[in-house]
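Biologist: Before I rely on the labels attached to this structure, I should like each of them to be justified. Could we go through the reasoning together?

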Amino acid sequence: MWKLGALALLLGLGASIGTAMQQPQTVRLWEGNAPLAQGNTPTDIPLITLYPAPTDNHNGAAVVVCPGGGYGGLAAHEAAPVAKWLNSIGVSAYVLTYRLGPRYHHPVMSNDVSRAIRLVRTNAKAWNIDPQRIGVLGFSAGGHLASTAETHFDEGDSKASDPIERVSSRPDLAVLIYPVITLSGQFAHIGSRNNLLGVDPPQALIDSLSNEKQVTDKTPPTFLVHGADDTAVPVENSLMFAEACRKHKVPVELHVYEHGEHGFGIGGDGRPVGDWVKRCAEWMKARGFFKGKP
């Protein structure tokens with residue numbers, strides 16, 4: 001698979017990606033070694049896989065997709081199939097391959113998702129997307145990463161030598177599917193916490209990444225989906241985040257399905273939970289996320 005550096009894209013080589021080639025292309029988040037890299041193997045190289053929306057069904061919006069996997073793996077059914085669904089509703093998708101525990105710990109994963117959003121925004125013109133309509137979507141631990149992106153963003157460093165670092169990492173909306181949210185208390189997913197923070201992390205660090213505690217009035221609009229009978233990541237995770245959004249007057253939509261085991265992805269085998277993709281598309285449209293080509 002052909003790989004291009006981010007800087008090459010900035011020089012104009014990115015304009016043909018997704019049009020001249022049939023297969024999805026991958027782009028490294030950093031030209032050289034990523035910050036805090038422990039080597040130069042595939043596990044040390046964060047990247048995004050590009051799924052541009054078809055030209056005949058392109059609305060100018062983009063979403064960075066964060067697959068789940070307990071911060072120890074990346075679930076394939078929460079990657080390419082999600083990107084293809086987004087393409088079907090006119091949204092360009094960028095599937096994030098972020099670094100994983102136990103080899104890596106925070107802030108590496110947060111750095112990766114922030115960099116992905118900055119990279120997509122920097123290349124908005126080349127990739128024919130609107131820099132003000134870039135969302136983030138995540139499942140399970142990827143949902144935690146997406147919620148981290150929407151609660152721990154910054155506006156960029158105007159003095160940075162790297163032009164990508166000068167732009168904002170704030171997503172314009174977030175979609176969280178059976179997300180890990182809290183890292184503290186009885187509803188925490190301990191496996192994800194251990195992979196993200198290591199064993200026995202300090203309480204201050206746990207609290208800082210328990211994202212229901214990090215919502216502010218600057219948090220972007222959020223759409224949440226969870227199954228009430230999820231036995232892996234309790235539905236209380238989504239309930240707490242939705243309540244925090246409501247408290248801070250952040251636009252939020254929450255769908256709790258009676259039945260929805262952990263990991264249902266975009267499917268549902270004909271069950272009601274599979275309708276979440278329709279509800280999500282309706283929500284995006286109602287929020288003005290679909291506006292036509294930029």
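**Labels and their grounds**

Modeller: Pro-107 is placed in the loop between S5 and H3. Please bear in mind throughout that the model is predicted.

Biologist: What is the form of the peptide bond that joins His-106 and Pro-107?

Modeller: The bond is cis, with omega at about 15°. The loop between S5 and H3 also holds Pro-102, and the peptide bond from Gly-101 to Pro-102 is cis as well, its omega being near 0°. Most peptide bonds are trans.

Biologist: What makes Tyr-71 count as buried?

Modeller: Its relative accessibility is 1%. Buried means under 20%, so Tyr-71 meets the condition. The residue lies in the loop between strand S4 (62-66) and H2, and its phi is near 60°, a positive value in a residue other than glycine.

Biologist: Why is Lys-249 called exposed?

Modeller: The relative accessible area of Lys-249 is 75%. Exposed requires a value over 50%, and therefore the label applies to Lys-249. Lys-249 is found in the loop between helix H7 (236-247) and strand S9 (252-257). Phi of Lys-249 is near 60°, again positive in a residue other than glycine.

Biologist: How do you know that Asn-87 is buried?

Modeller: Asn-87 has a relative accessible area of 12%, and the limit for buried is under 20%; the label therefore holds for Asn-87. Asn-87 belongs to helix H2 (residues 80-88). Leaving aside residues up to four places away in sequence, Asn-87 touches Tyr-51, Pro-52, Ala-53, Pro-54, Asn-57, Ser-92 and Ala-93.

Biologist: Why is helix H4 described as mostly covered?

Modeller: In H4 (residues 141-151), 11 of its 11 residues are buried. Among them are His-144, Leu-145 and Glu-150.

Biologist: How many aromatic pairs are there?

Modeller: The count is eight. One of the pairs, Tyr-94 with Trp-127, is stacked.

Biologist: Why is the pair of Tyr-94 and Trp-127 called stacked?

Modeller: The ring centres of Tyr-94 and Trp-127 are 5.2 Å apart, with 20° between the planes. Pairing requires centres within 6.5 Å, and stacking requires planes under 30 degrees apart; both conditions are therefore met by Tyr-94 and Trp-127. Tyr-94 lies in strand S5 (residues 92-97) and Trp-127 in the loop between helix H3 (108-122) and strand S6 (134-139), so the pair ties together parts 33 residues apart in sequence. Tyr-94 is buried at 2% relative accessibility, and Trp-127 is buried at 7%.

Biologist: What makes the pair of Phe-223 and Trp-283 tilted?

Modeller: The planes of Phe-223 and Trp-283 stand at 45°, with the centres 5.4 Å apart. Since stacked means under 30 degrees and edge-to-face over 60, an angle of 45° is classed as tilted. Phe-223 in strand S8 (residues 222-227) and Trp-283 in helix H8 (residues 276-286) are 60 residues apart, and both are buried.

Biologist: How do you know that the charged end of Arg-99 sits over the ring of Tyr-104?

Modeller: The charged end of Arg-99 is 5.2 Å from the centre of the Tyr-104 ring, inside the limit of 6 Å. Arg-170 likewise lies over the face of Phe-153, at 5.6 Å from the ring centre.

Methods: Residues are numbered from 1 along each chain as its sequence is written. This is a predicted model: local features need pLDDT of at least 70, side-chain atom pairs count only at pLDDT 80 or more; totals for chains, interfaces and linings use all residues. Side-chain values use heavy atoms; hydrogens and water are left out. Buried means under 20% relative accessible area, exposed over 50%, partly exposed in between (1.4 Å probe, protein chains only). Helices (H or I, at least four residues) and strands (E, at least two) are DSSP runs, numbered from the N terminus. Contact means heavy atoms within 4.5 Å. Rings of Phe, Tyr and Trp (its six-membered ring) pair if their centres lie within 6.5 Å; planes under 30 degrees apart count as stacked, over 60 as edge-to-face and the rest as tilted. A charge sits over a ring if NZ of Lys or CZ of Arg is within 6 Å of the ring centre and within 35 degrees of the ring normal.
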